[in-house]
Amino acid sequence: MKVKLYISADIEGVAGVVHSEHTTRDGREHDRARMLMTEEVNACIRGAVAAGANEIVVNDSHGTMRNIIPELLHTEASLISGSPKKLAMVEGLDETFDAAVFIGYHTKKGDFGLLNHTFSGKVVRSIKVNGIEYGEFGLNALVAGYFNIPVICVSGCDRLEKEVRELIPEVYFANVKQTINQFTAGSIHPKKAREIIERQTKEGWMNRENIPLFSIDGPVTVEMSFNTTGFAENAAILPIVEQIDPSTVTFNASNIIEGYRYIRSLIMIAN
């Protein structure tokens, strides 16, 4: 019997990552950050395997989505990499999974969290669904909820933990660093971070039935604010979109999956 775990892996919330030189493709320390990211994912996989998961899919969810080092990835996992993807950070997630884990995540744009942004720091100012602003964690958790998949564990900084617990208090959280400001943090040692991630993943998996779904039923109204009026004007070219002020657009979708895909498309159109 297959017991399946889905892992979405970002990089900004990885222990030791604090700067664009870590996160951008041409950054001088990007290869080091890729290794750190891969090893935190491996720790998650070890925890899941120890708790009984026997099929694990990892989705590389940062930037170009070609960050995880394939030959260093735990052999029990398969890897989705590359972009674009229809569901971006949650590509490959569906109702066949038993749980999801989000590794290396960060806070939404405008929060105090380290390297905060929502999907695109250059393009997006904020994203609201049915009047509530969400960051990448909230939006991706809503997709998981649509498929009846609980998000059981998340890793990142202390400010992200606050954001996560406001939405799903029961989630197991691996706090691997303390935000000082947008580009400064106090990280625990990477090996210690991996131990915490492995333990929290295992505990989350074993208690997954006690972690509620995070979901929205039915149609959604999405409001997106952009960093420039030009981005909003570009997005408003799409017929379903209404521009409601110089930098903000809105649209309706039949469900969160459709809404999520429009969000991703509008970011590409706007830019």
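## Two sheets, their helices and a nonpolar core

Five strands make up an open sheet in the order β6-β5-β10-β12-β11, and their pairing is antiparallel. The edges of this sheet are held by β6 (132-133) and β11 (242-245), each of which has a single partner strand, so one side of each is left without a neighbour in the sheet. The model described here is a predicted one.

Inside the five-stranded sheet, strand β5 (residues 124-129) pairs with strand β10 (residues 220-226) in the antiparallel sense over five bridges, and S126 has S225 of β10 as its bridge partner. Further along, β11 and β12 run antiparallel and are joined by three bridges, while a hairpin of two residues connects β11 to β12. In this pair, the bridge partner that E242 finds in β12 is T250.

A second open sheet contains seven strands in the order β3-β2-β1-β4-β7-β8-β9, and here the pairing is mixed. Its edges are β3 (77-80) and β9 (184-187), and because each has a single partner strand, one side of each is left without a neighbour in the sheet. On average, and with direction ignored, neighbouring strands of this sheet are turned by 20° against each other. Strand β1 (residues 4-9) and strand β4 (residues 99-103) run parallel and are joined by five bridges, with I103 of β4 as the bridge partner of A9.

The strand pairs described so far can be set side by side.

| Strand pair | Direction | Bridges |
|---|---|---|
| β5 and β10 | antiparallel | five bridges |
| β11 and β12 | antiparallel | three bridges |
| β1 and β4 | parallel | five bridges |

Helices lie across both sheets. In the five-stranded sheet, α7 lies across β5, β10 and β12 (248-253), and α7 runs at about 150° to β12. In the seven-stranded sheet, helix α4 (residues 158-167) lies across β7 (151-157) and β8 (172-181), running at about 130° to β8.

Two packed helices are described by the angle between their axes and the distance between the axes. For helix α3 (residues 136-146) and helix α7 (residues 256-270), the axes come within 9 Å and cross at roughly 145°, and the crossing in which α3 passes α7 is left-handed. On the α3 side the contact is made by L139, N140, L142, V143 and Y146, and on the α7 side by I256, I257, Y260 and I263. Sorted by class, this contact of α3 with α7 holds eight nonpolar residues, one polar residue and no charged residues.

The largest nonpolar core of the model has 92 residues, and those with the most contacts inside it are L5, F137, V154 and M224. Helix α2 (residues 30-51) supplies the largest share of this core, namely eight residues. When residues up to four places away in sequence are not counted, M224 touches S126, I127, S247, T248, V249, F251, I263, L266 and I267.

Which residues is H74 in contact with, leaving aside its neighbours within four places in sequence? They are N42, I45 and R46. H74 itself has its place in the loop between β2 (55-60) and β3, and because its relative accessibility is 22%, H74 counts as partly exposed. Although H74 and N42 are 32 residues apart along the chain, their C-alpha atoms are separated by 5.5 Å.

Notes. Residues are numbered from 1 along each chain as its sequence is written. This is a predicted model: local features need pLDDT of at least 70, side-chain atom pairs count only at pLDDT 80 or more; totals for chains, interfaces and linings use all residues. Side-chain values use heavy atoms; hydrogens and water are left out. A nonpolar core is a set of buried Ala, Val, Leu, Ile, Met, Phe, Trp, Tyr and Cys residues joined through side-chain atoms within 4.5 Å. Buried means under 20% relative accessible area, exposed over 50%, partly exposed in between (1.4 Å probe, protein chains only). Helices (H or I, at least four residues) and strands (E, at least two) are DSSP runs, numbered from the N terminus. Contact means heavy atoms within 4.5 Å. Axes are lines fitted to C-alpha atoms, for helices over the stretch in contact, and angles run from 0 to 180 degrees between N-to-C directions. A crossing is left-handed if the near helix is turned anticlockwise from the far one by less than a right angle, and right-handed if clockwise. Ala, Val, Leu, Ile, Met, Phe, Trp, Tyr, Cys and Pro count as nonpolar, Asp, Glu, Lys and Arg as charged, and the others, Gly among them, as polar. Two strands pair if DSSP finds at least two bridges between them.
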